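Dear colleague,

Please find below the sequence and the structure that I am handing over to you. An account of what was found in the structure comes after it.

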Amino acid sequence: MLAIKEAKALIDAANIDGIDEVYTANIPRDVQDTTNKTIVLLTDANSKPTLYGSNDFNAMNREIEVQVFYALDPARDPEEIDVDLYKMFVHNNWDLGENHGHTYDPDTHQLTSTFYVYNLKII
């Protein structure tokens, strides 16, 4: 299964308070201008074969980008949502990578957060 699909299933199952929607690859056009919901977008960042042996690889090192677009008036502190996401990934055998912090979207004026998670999938 694609890493982004696995991550979506994990977030959906965790039912993190404050996250309204989770999308993979892109946000549907009819949702792109939504500013009253907190939306998570998962995209593939990197995937490479690793752990070579017997002239073959036996694992994939997978990395995904997690972008959070917070509602303009979030019901919960964005940092609390971030921490819950971080913990959910770590507790499910994902490692935290780079974190680009919080910025404001100049078009929608929403607070956003971007970070990366990765894991090693044995195949």
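The notes below go from the whole chain to its sheet, its helices and a few single residues.

**The chain as a whole**

Please bear in mind that this is a predicted model. The chain contains two helices and five strands, and along the sequence these follow the pattern α-β-β-β-α-β-β. Taken along the principal axes, the C-alpha atoms fill a box of roughly 55 × 30 × 25 Å. The chain has 123 residues, of which 38% count as buried. Among the contacts with a separation of 6 or more, 56% come from residues 24 or more positions apart.

**The sheet**

The five strands form an open sheet with mixed pairing, and their order in it is 1-2-3-5-4. Strand 1 (21-24) and strand 4 are the edge strands, each of them pairing on one side only. From one strand to the next, the twist averages 20 degrees.

Strand 3 (residues 56-69) and strand 5 run antiparallel and are joined by 11 bridges. Within this pairing, Glu63 stands opposite Tyr118 of strand 5, and Asn61 has Leu120 of strand 5 as its bridge partner.

Strand 5 (residues 111-122) is also joined to strand 4 (residues 95-104), in this case by six bridges, and these two strands run antiparallel as well. Here Asn99 stands opposite Phe115 in strand 5, while Tyr104 stands opposite Leu111 in strand 5. Strand 4 and strand 5 make a hairpin, with six residues between them.

**The helices on the sheet**

Both helices pack on the sheet. Helix 1 touches strand 1, strand 2 (39-53), strand 3 and strand 5, and its direction makes about 130 degrees with that of strand 2. Helix 2 touches strand 3, strand 4 and strand 5, and its direction makes about 5 degrees with that of strand 5. Strand 3 and strand 5 are thus touched by helix 1 and also by helix 2.

**How the two helices meet**

Two packed helices are described by the angle between their axes and by the distance between those axes. In this model, helix 1 (residues 3-14) packs against helix 2 (residues 78-90) at an angle of about 120 degrees, and the axes are 11 Å apart. Because of that angle, helix 1 is oblique to helix 2. The crossing of helix 1 past helix 2 is right-handed.

Which residues make this contact? From helix 1 come Ala7, Leu10, Ile11 and Ala14, and they meet Leu85, Met88 and Phe89 of helix 2. Sorted by class, this contact of helix 1 with helix 2 has seven nonpolar residues, with no polar and no charged ones.

**Two residues with a positive phi**

Most residues other than glycine have a negative phi. Two residues in loops are therefore worth a separate note under that general rule.

Ala25 lies in the loop between strand 1 and strand 2. Its phi is near 75 degrees, a positive value in a residue other than glycine. Is Ala25 buried or exposed? With a relative accessibility of 51%, Ala25 counts as exposed, since the limit for that class is over 50%.

His109 is found in the loop between strand 4 and strand 5, in the turn of the hairpin described above. Although His109 is not a glycine, its phi is positive, at about 65 degrees. His109 is exposed too, because its relative accessible area is 56%.

**The end of the chain**

Where is Ile123 placed? Ile123 belongs to the segment after strand 5. Its relative accessible area is 56%, so Ile123 is exposed. Apart from its neighbours within four places in sequence, Ile123 is in contact with Phe57, Asn58, Ala59 and Met60. Ile123 and Met60 are 63 residues apart along the chain, and their C-alpha atoms are separated by 7.2 Å.

**In brief**

The model shows an open sheet of five strands in the order 1-2-3-5-4, with helix 1 and helix 2 packed on it. The two helices meet each other through seven nonpolar residues.

With kind regards

Methods:
Residues are numbered from 1 along each chain as its sequence is written. This is a predicted model: local features need pLDDT of at least 70, side-chain atom pairs count only at pLDDT 80 or more; totals for chains, interfaces and linings use all residues. Side-chain values use heavy atoms; hydrogens and water are left out. Two strands pair if DSSP finds at least two bridges between them. Helices (H or I, at least four residues) and strands (E, at least two) are DSSP runs, numbered from the N terminus. Axes are lines fitted to C-alpha atoms, for helices over the stretch in contact, and angles run from 0 to 180 degrees between N-to-C directions. Angles under 35 degrees count as roughly parallel, over 145 as roughly antiparallel, 65 to 115 as roughly perpendicular and the rest as oblique. A crossing is left-handed if the near helix is turned anticlockwise from the far one by less than a right angle, and right-handed if clockwise. Contact means heavy atoms within 4.5 Å. Ala, Val, Leu, Ile, Met, Phe, Trp, Tyr, Cys and Pro count as nonpolar, Asp, Glu, Lys and Arg as charged, and the others, Gly among them, as polar. Buried means under 20% relative accessible area, exposed over 50%, partly exposed in between (1.4 Å probe, protein chains only).
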